[in-house]
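Here is a friendly walk through one protein chain, written for someone who likes to keep the model open while reading. Have the sequence and the 3D view at hand.

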Amino acid sequence: MEDYINKLQNNDTSLIELNLAFKNIGDNGAIEISKVLKINTTLQYLDICNSGNIGENGAIAICDALKVNTSLRKVNISSNNIGENGAIAISRVWFTLSLIKRNILEALKFNTCLKKIDFNSNYI
């Protein structure tokens with residue numbers, strides 16, 4: 001896993017998908033990955049399903065990284081043991097991202113002069 005961490009940390013463009021499903025990384029592995037996800041700008045898909053019972057701490061760490069990561073499009077954290085607090089953290093990230101989109105659309109309803117807005121490559 002150290003090789004993956006180094007590639008993520010260095011924004012290696014060859015690593016856009018990381019499949020760690022069934023790799024038994026547990027909370028510690030999820031926490032290590034979350035640290036580099038905060039600075040990574042290349043990874044688009046992370047699969048950590050069935051990864052050694054990632055618990056609340058691992059799920060919360062991944063969610064903290066998702067708050068600042070700008071490249072990830074899809075994360076699979078199914079079939080772990082994220083618990084209630086992990087589920088709450090995921091729902092908060094999801095709600096925040098949905099709220100940002102909703103606020104942008106709401107603001108545009110009242111703007112009468114804006115003709116064009118380009119959100120390309122913003123991943124919101």
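## A salt bridge within helix α2

Let's begin with a single side chain. Glu32 is partly exposed, with a relative accessible area of 35%; that value is neither under 20%, the cut-off for buried, nor over 50%, the cut-off for exposed. Please keep in mind that this is a predicted model, as you look at the details below.

Which residue does Glu32 pair with in a salt bridge? The partner is Lys35, and the N to O distance between the two side chains is 3.1 Å. Both residues belong to helix α2, where 3 residues, about one turn of the helix, separate them.

## The other salt bridge

The structure holds 2 salt bridges. Besides the pair in α2, there is one between Lys67 and Asp64, whose closest N and O atoms are 3.4 Å apart.

How do these two residues stand with respect to the surface? Lys67 has a relative accessible area of 58% and is therefore exposed. Asp64, at 34% relative accessibility, counts as partly exposed.

## The chain as a whole

Stepping back, the chain has 4 helices and 3 strands. Read from the N terminus, these elements follow the order α-β-α-β-α-β-α.

The chain has 124 residues, and 32% of them are buried. Its accessible surface comes to about 8000 Å², with carbon and sulfur atoms contributing 50% of that area. Contacts can also be sorted by how far apart the partners sit in sequence: among those with a separation of 6 or more, 81% are between residues 24 or more positions apart.

## How α2 packs with α3

Two packed helices are described by the angle between their axes and the distance between the axes. Here, helix α2 covers residues 26-37 and helix α3 covers residues 56-66. Their axes lie 8 Å apart, at an angle of about 10°. Angles under 35 degrees count as roughly parallel, and α2 and α3 are therefore roughly parallel to each other.

Which residues of α2 take part in this contact? They are Asp27, Ala30, Ile31, Ile33, Ser34 and Leu37. On the α3 side, they meet Glu56, Asn57, Gly58, Ala61, Ile62 and Ala65. Sorted by class, the contact has 7 nonpolar, 3 polar and 2 charged residues.

Ser34 is a good residue to zoom in on. Ser34 sits in helix α2 and, at 4% relative accessibility, counts as buried. Setting aside neighbours within four places in sequence, Ser34 is in contact with Ala61, Ile62 and Ala65, and these three are among the α3 residues that α2 meets.

## The loop between β1 and α2

Strand β1 spans residues 17-19, and Phe22 lies in the loop between β1 and α2. Leu20 and Asn24 are found in this loop too.

Is Leu20 buried or exposed? Leu20 is buried, with a relative accessible area of 3%. Not counting residues up to four places away in sequence, Leu20 touches Met1, Tyr4, Ile25, Ile33, Asp47, Ile48, Cys49 and Ser51. One of these contacts, Met1, is 19 residues from Leu20 in sequence, and the C-alpha atoms of the two are 9.0 Å apart.

Now for the backbone. Most residues other than glycine have a negative phi, and most peptide bonds are trans. Phe22, although not a glycine, has a positive phi of about 65°. Asn24 is another residue other than glycine with a positive value, its phi being near 60°. As for the surface, Phe22 counts as exposed at 60% relative accessibility, and Asn24 counts as exposed at 61%.

## The loop after α2

On the other side of α2, Thr41 is found in the loop between α2 and β2, the strand at residues 45-47. With a relative accessible area of 49%, Thr41 is partly exposed.

What does Thr41 touch, if residues up to four places away in sequence are not counted? The contacts are Asn11, Thr70 and Ser71. You can also look from Thr41 to Ile16: they are 25 residues apart along the chain, and their C-alpha atoms are separated by 9.4 Å.

Methods
Residues numbered from 1 in each chain as written. Predicted model: local features only at pLDDT ≥ 70, side-chain atom pairs only at ≥ 80, totals over all residues. Heavy atoms only, no water. Axes fitted to C-alpha atoms, helices over the stretch in contact; angles between N-to-C directions. Helix = DSSP H or I, 4+ residues; strand = E, 2+ residues; numbered from the N terminus. Parallel < 35°, antiparallel > 145°, perpendicular 65-115°, else oblique. Contact = heavy atoms within 4.5 Å. Nonpolar A, V, L, I, M, F, W, Y, C, P; charged D, E, K, R; others polar. Buried < 20%, exposed > 50% of the residue type's maximum accessible area, 1.4 Å probe, protein only. Areas by Shrake-Rupley, 256 points an atom, 1.4 Å probe, with all protein chains shown as cover. Salt bridge = Lys/Arg side-chain N within 4 Å of Asp/Glu carboxyl O.
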